[in-house]
Amino acid sequence: MPEMISLEEARSLVLSHVEPLPTETVPLLDVVGRVSAYALTSDIDISPFAHSAMDGYALYAADIEQANEQNPVQLKVIAEVAAGDWYDGSVEHGECVRIMTGAPIPEVLDAVVKYEIVEPVEGDGKPGSTVSFSAPAKVGSNIREAGEEAKAGEAIVEAGEVISCAGIGFLAGCGIVEVATYERPRVAIISIGSELVDPTEVPTGGKIRNSNSFALAASVQAAGGIPDILPIVEDSEDALADAVKSACATHDFVITSGGASNGDFDFIKPVVERLGELLMTTVNMRPGKAQTFGIVDGKPVFGLPGNPAAAYVGFEMIIRPALRKMQGYRYFERPRIKARLSRDVKKNDPRRIFLRSTLYKNDEGEYIVAPARNQSSGLFGVIQRSNCMAIMPEGLESRTAGSVVECVLLDVAEELSL
Ligand SMILES: Nc1nc2c(c(=O)[nH]1)N[C@H]1C(S)=C(S)[C@@H](COP(=O)(O)OP(=O)(O)OC[C@H]3O[C@@H](n4cnc5c(N)ncnc54)[C@H](O)[C@@H]3O)O[C@H]1N2
Ligand code: MOO
């Protein structure tokens with residue numbers, strides 16, 4: 001096993017050890033944002049019948065072919081058809097049918113003219129009236145054809161497609177009320193450290209609150225998984241081994257944080273080695289060099305570093321893609337944008353550095369990225385106030401203000417509008 005590997009190697013290694021989970025069938029609303037495991041078909045044509053796109057008059061386009069301002073054409077209104085009605089009477093040339101948006105087009109007619117450009121000559125425009133047209137209409141105008149959106153029996157969604165909110169409506173229209181998708185991974189989260197206490201406690205005497213478990217649980221949830229925060233484990237190799245082993249029996253993925261480095265009380269590496277197969281220990285990135293990965297009892301176990309920002313970035317860049325693969329997603333990259341640095345950035349660590357930063361547009365509409373002043377890997381607050389991570393590639397080349405760098409967009413709310 002090489003000592004230090006690249007982020008790409010780490011990600012491929014972890015992805016090669018996870019597969020999509022078994023499928024489960026869930027009610028329609030529960031599949032939003034998730035992957036359809038199979039192709040889906042509609043039971044009927046959508047829409048099932050040709051219908052009007054406007055409130056107006058359905059007619060034979062040929063009847064008003066010669067109509068113009070000087071020589072308007074008058075037609076007799078013989079019926080009215082509303083959405084939900086079905087008109088199956090006959091219509092002669094010289095006649096038209098008053099029709100509402102969404103109402104089925106009487107079969108023989110081939111155009112609809114909207115109210116606004118039709119003048120009543122006799123009556124109020126309802127059946128029995130005569131109305132006048134002063135322009136021709138194209139065959140098919142304002143008619144939505146049957147089966148325009150979907151044909152009965154044809155695939156409307158491919159296997160592997162992610163269902164959006166609009167997709168939920170599309171499926172509902174096709175009579176699909178439940179969908180087979182991949183199970184959400186159940187993810188155990190174990191924070192390691194004798195210094196840690198629960199957030200409900202006020203820490204004293206060298207203790208700190210366990211914040212990583214909560215950030216990681218939120219990140220698991222945002223990635224579509226089901227987080228399970230397990231009890232804090234003290235810095236003891238045996239206690240950690242017991243916790244990891246039992247988590248592997250009940251979860252699809254196990255994440256630990258802390259104890260990943262080479263200190264006297266850092267036990268995740270020896271524990272994975274003892275219980276299973278240790279596949280990775282160090283990744284060429286900052287924050288988050290100490291990233292442990294291995295397989296225990298057939299389950300992926302990932303040991304994140306204890307420093308909050310290091311745990312967060314390790315999760316974002318390596319674990320999140322794995323959790324997505326387990327749910328059948330095919331794309332794992334967060335969107336990236338190129339932006340100009342707002343200030344000089346000195347590079348005195350050869351690792352690839354992810355600078356927690358704020359991306360914005362200047363008055364000229366160019367993207368500018370402002371790296372936070374404090375890049376300590378002990379801080380969550382800086383990430384709370386960031387909307388991206390600017391990437392400084394491997395090596396020692398410093399960058400000056402104005403140089404272009406690539407930025408990974410984080411899960412940004414509209415408030416941090418780009
Ligand atoms: N001699 C060296 N020491 C360290 C190195 C190194 O290369 N040589 N690397 C440093 C870096 S960088 C990191 S990152 C950490 C990673 O080490 P660990 O994974 O063993 O992290 P811990 O020592 O357990 O904790 C580090 C830091 O984070 C706090 N922490 C831990 N867990 C939590 C939690 N659940 N919630 C909030 N904060 C947590 C912990 O108290 C420490 O302050 O190693 C460096 N050392
Ligand atoms: O691995 Mo550390 O992340 O640079 O704090």
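Which residues are around ligand 2? In this predicted model, select ligand 2 and display its surroundings: R286, P287, G288, K289, A290, P305, N307, A310 and S377 appear there. Colouring this shell by class shows 4 nonpolar, 3 polar and 2 charged residues.

Next, select ligand 1. This ligand is surrounded by 26 residues, of which N212, G258, A260, S261 and G306 are the closest. Two helices should then be highlighted, since the elements giving two or more residues to this shell are α3 (212-222) and α6 (308-326). By class, the shell around ligand 1 comprises 8 nonpolar, 15 polar and 3 charged residues.

Now select residues 188-325, where UniProt, in an unreviewed entry, places the feature "domain: MoaB/Mog". The C-alpha atoms at the ends of this span are 17 Å apart. Helix accounts for 37% of the span and strand for 28%.

Within that selection, isolate helix α4 (residues 237-250) and helix α5 (residues 268-275). Their axes come within 9 Å of each other and cross at roughly 55°; α4 is therefore oblique to α5. The crossing of α4 past α5 is right-handed.

Finally, show the side chains where the two helices meet. On α4, select E237, L240, A241, V244 and K245; their counterparts on α5 are I268, P270, V271, R274 and L275. The contact of α4 with α5 contains 7 nonpolar and 3 charged residues, with no polar residues.

Notes: Residues numbered from 1 in each chain as written. Chains lettered and ligands numbered in written order. Predicted model: local features only at pLDDT ≥ 70, side-chain atom pairs only at ≥ 80, totals over all residues. Near = placed C-beta within 6 Å. Nonpolar A, V, L, I, M, F, W, Y, C, P; charged D, E, K, R; others polar. UniProt positions renumbered as here; feature names shortened; annotations may be inferred. Helix = DSSP H or I, 4+ residues; strand = E, 2+ residues; numbered from the N terminus. Axes fitted to C-alpha atoms, helices over the stretch in contact; angles between N-to-C directions. Parallel < 35°, antiparallel > 145°, perpendicular 65-115°, else oblique. Left-handed = near helix turned anticlockwise from the far one by under 90°. Contact = placed C-beta atoms within 7 Å.
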